[in-house]
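Q: Could you walk me through how to read cysteines and a helix in a model of this kind?

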Amino acid sequence: MNQSNLSLPSGCVLRKAISGDQWSIRLLVFSAKLDPTQLNWQQFWVIECDENLVACGQLRNFSGAQELGSLVVASAWRGRGLGTLLTQHLINTATQPLYLECLGERLAQFYSRFDFVPISFEDLPQFPSTRGLSTLKGKFRFSQLAKRLLRVPVLFMEYRGQLRLDPP
């Protein structure tokens, strides 16, 4: 996806989250009924328009992988390309293999525009836990259980485009 033709509306800025954004991030995540666990404001990027937080997303760090998660655009700001811009920015910021989980085919189609492809739970990487980091597969295990037992339409996706990975 070409980011060069994407731009923020007038009065909006994309920036790294700061401590004062914590409650606004939580409110956005709760409003979208997303997983409210593991909301670490230091991992978030936000879009602020006229001094109001209108979009957020984070790169969660796991042992050997990252997860693009908690991506939300406030309902009044949807349809203006903010989700696209924020998704592309998070992909460009990623430094390890990148994964996500989403609910339903509509969201999967959105992420497929960025070179994410559906994968099975069994195909998720099983990196050993290092430096106190949990594993991505461990985090997604609950979603897999909900998918199997409750028929929750969760999809696991892997980014297959080019990342600017840090050298080892």
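The dialogue below takes up the cysteines and then one helix.

A: Before anything else, please note that this is a predicted model, in which local features need pLDDT of at least 70 and side-chain atom pairs count only at pLDDT 80 or more, while totals for chains, interfaces and linings use all residues. Residues are numbered from 1 along each chain as its sequence is written, and side-chain values use heavy atoms, with hydrogens and water left out.

Q: What is a disulfide, and how many are counted here?

A: In general, a disulfide is a covalent bond that joins the sulfur atoms of two cysteines. The working criterion is a pair of cysteine sulfur atoms within 2.5 Å, and by this rule the count comes to one disulfide. The partners are C12 and C49, whose sulfur atoms are 1.9 Å apart.

Q: Which parts of the chain does the pair C12 and C49 tie together?

A: Helices and strands are read as DSSP runs numbered from the N terminus, a helix being H or I over at least four residues and a strand E over at least two. C12 belongs to strand β1 (residues 12–16) and C49 to strand β2 (residues 44–49), so the bond ties together parts that are 37 residues apart in sequence. The torsion about the S-S bond of C12 and C49 is about 115 degrees, and the disulfide is therefore right-handed.

Q: Are C12 and C49 buried or exposed?

A: A residue is called buried under 20% relative accessible area, exposed over 50%, and partly exposed in between, using a 1.4 Å probe and protein chains only. C12 counts as buried because its relative accessibility is 10%, and C49 is buried as well, with a relative accessible area of 1%.

Q: Where does C56 stand with respect to a disulfide, and why is C102 not bonded to its closest cysteine?

A: C56 is in no disulfide, since the nearest cysteine sulfur, that of C49, is 13 Å away. The sulfur of C102 lies 16 Å from the closest cysteine sulfur, in C56, which is too far for a bond. C56 is buried at 0% relative accessible area, and C102 is buried at 5%.

Q: How many residues of α2 are buried, and what span should the helix have?

A: Helix α2 (residues 82–93) contains T84, and 10 of the 12 residues of α2 are buried, including L85, H89 and I91. T84 itself counts as buried because its relative accessibility is 11%. The expected span of a helix is 1.5 Å times one less than its number of residues, so the 12 residues of α2 should span 16 Å, and the end C-alpha atoms of α2 are indeed 16 Å apart.
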